[in-house]
Amino acid sequence: RDARAPGDAARGQSFDNDMSGWKPPGGGGGGGHGLGGDTSKFTTTDSPDFLPEEGSEEAKLASGISYTDGMMGSQADPNRKKSTGPELAGALDSDPDIYVPEVEEVVADSSLFVLPEASWKLSKMEVSQTDEDLEFSCSATEGGAMKVDVKPVCMTFEDYYCGFTSDSHPAFSVSPDAGKMERRNGPPTTVTVTCNPKGASGALVGYLCFILPEERDFSTFYKVTCNSR
């Protein structure tokens, strides 16, 4: 049994992990944060208080990549090698063999310039052969004209032609008499109705037929009255 007193054991125990005799390389002491006095070995990551002198190597390193670098792209580099070669020759030349479709001419079929049978017309809230009745006045010697807007009702672009029924007064004419309508919700097609009475006076009546040959159920018919004085 160990007969030594507890205080004797405590006095013999070391608590410094045997580092009490350690010294840094070079013996310690001196400047440079203990690097043996060699300050050239000292480095820091702290930002300097002042920017490096303009034009110096340090300034170039500090500037890095500017936000304007590459702004103009490679095309602005005067030293860039230009792209040439047979694969680019004639790339932008026009091709004479490009096909351009011919504009289809709409030929009016005057046999369709006939009023339909009377039916209920929501636009007039009555049974009628026409969808709308129009009226204007003109001089018996000078004539006059009015514009008629026809709203598109089909989901696709539609060819149309228009003209007056055979029993209309011969003073009436319409222009243009053929063309293509816009799709539904597009701008209306405007035609001009002209009346040239050539001295005739009174209420001159004509029936304008606006025909959609591919969608005949959506054709529109107008009664046009010109008061010639």
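This passage goes through the nonpolar cores, the cysteines and a surface patch of the structure. The model is predicted, so local features need pLDDT of at least 70 and side-chain atom pairs count only at pLDDT 80 or more, while totals for chains, interfaces and linings use all residues. Residues are numbered from 1 along each chain as its sequence is written, and side-chain values use heavy atoms, with hydrogens and water left out.

The largest nonpolar core (buried Ala, Val, Leu, Ile, Met, Phe, Trp, Tyr and Cys residues joined through side-chain atoms within 4.5 Å; buried is under 20% relative accessible area, 1.4 Å probe, protein chains only) has 24 residues. Strands (DSSP E runs of at least two residues, numbered from the N terminus) that each supply at least two of its residues include S3 (132–138), S8 (189–195) and S10 (220–228). Apart from this core lies another, of seven residues, with Leu112 and Ile211 among them. Val193, one of the residues with the most contacts inside the largest core, is in contact (heavy atoms within 4.5 Å) with Phe136, Phe172, Leu208 and Val224, among others beyond four places in sequence.

As for disulfides (cysteine sulfur pairs within 2.5 Å), the structure holds zero. Cys195 has the sulfur of Cys226 as its nearest cysteine sulfur, 3.6 Å away, and counts as buried at 1% relative accessibility. For Cys209, the nearest is that of Cys162, at 9.3 Å; Cys209 is buried too, at 0%.

Out on the surface, Val127 sits in strand S2 (126–128) and is exposed (over 50% relative accessible area), at 55%.

Methods:
Helix = DSSP H or I, 4+ residues; strand = E, 2+ residues; numbered from the N terminus.
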